[in-house]
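Here are a few notes to help you find your way around a structure you have not met before. Take them in order, with the view open beside you.

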Amino acid sequence: MTLIKWKPTSNLPRINMDNFFNTNEWECASRSDYEWSPSVDIEEFQDLYKIKMDIPGLTKKNIKITLFDNVLEISGSRKSTSSSNNKYYKYTERLTGSFKRRFNIKDLIKDDKITATSKDGLLEIILPKLEKDIQKEKSIKIN
């Protein structure tokens, strides 16, 4: 039996979030500008959106969440856990360094009500939706 080592690559095809949601609301930022990029899930509920991001090994001190010009930005950094000066690894898959993810939230969110929690390597951000007036049917008089 021959053992073949599988080596993941960061060039795997990505799901285009616009197609996934069948809308262009989120416009997620490119992952290619940083050393690594945590995986993200976005769920939509009746009154809110929920972003879940895998951040194993990071604490809230390592993460920064900002909102500017209708863009939610999540950034941070994970340092190498190697305690020796020997930089030779037999094999490594855990990525380190800085990351940044951006999401265009336009006018979808109550930005003063956004909350975030981090537990067990999972960052969860709650984005309450703006309440939009549902227009009632209106008759138009013909002159």
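The points below go from the whole chain to its sheet and then to two single residues.

1. Please keep in mind that this is a predicted model. Its protein chain holds one helix and seven strands. If you read along the sequence, the pattern is α-β-β-β-β-β-β-β, so the helix comes before the strands, as elements are numbered from the N terminus.

2. A few totals give a feel for the chain. Of its 143 residues, 24% are buried. The chain exposes about 11,600 Å², and 48% of that area is supplied by carbon and sulfur atoms. Among contacts with a separation of 6 or more, 57% are between residues 24 or more positions apart.

3. Next, find the open sheet of four strands. Its order is β1-β2-β7-β6, and the pairing is antiparallel. Strands β1 (40-44) and β6 (115-119) form the edges, each of them pairing on one side only. From one strand to the next, the twist averages 15 degrees.

4. Inside that order, β2 and β7 deserve a look of their own. How many bridges join strand β2 to strand β7? There are seven, linking residues 48-54 of β2 with residues 122-128 of β7, and the two strands run antiparallel. To locate the pairing in the view, go to isoleucine 51, which stands opposite isoleucine 125 in β7.

5. Now turn to the backbone. Most residues other than glycine have a negative phi. Asparagine 70 has a phi near 60 degrees, a positive value in a residue other than glycine. You will find asparagine 70 in the loop between β3 (63-68) and β4 (71-78). Is asparagine 70 buried, partly exposed or exposed? Its relative accessibility is 41%, and because partly exposed covers the range between 20% and 50%, asparagine 70 counts as partly exposed.

6. Lysine 106 is another residue to check. Its phi is near 40 degrees, again a positive value in a residue other than glycine. Lysine 106 sits in the loop between β5 (97-104) and β6, and β6 is one of the edge strands of the sheet in point 3. With a relative accessible area of 30%, lysine 106 is partly exposed.

7. For a second pass, you could start at the edge strand β1 and follow the order β1-β2-β7-β6 across the sheet. Then visit the loop that holds asparagine 70 and the loop that holds lysine 106.

Methods:
Residues are numbered from 1 along each chain as its sequence is written. This is a predicted model: local features need pLDDT of at least 70, side-chain atom pairs count only at pLDDT 80 or more; totals for chains, interfaces and linings use all residues. Side-chain values use heavy atoms; hydrogens and water are left out. Two strands pair if DSSP finds at least two bridges between them. Axes are lines fitted to C-alpha atoms, for helices over the stretch in contact, and angles run from 0 to 180 degrees between N-to-C directions. Buried means under 20% relative accessible area, exposed over 50%, partly exposed in between (1.4 Å probe, protein chains only). Contact means heavy atoms within 4.5 Å. Accessible areas come from the Shrake-Rupley method with a 1.4 Å probe; for residues, only the protein chains shown count as cover.
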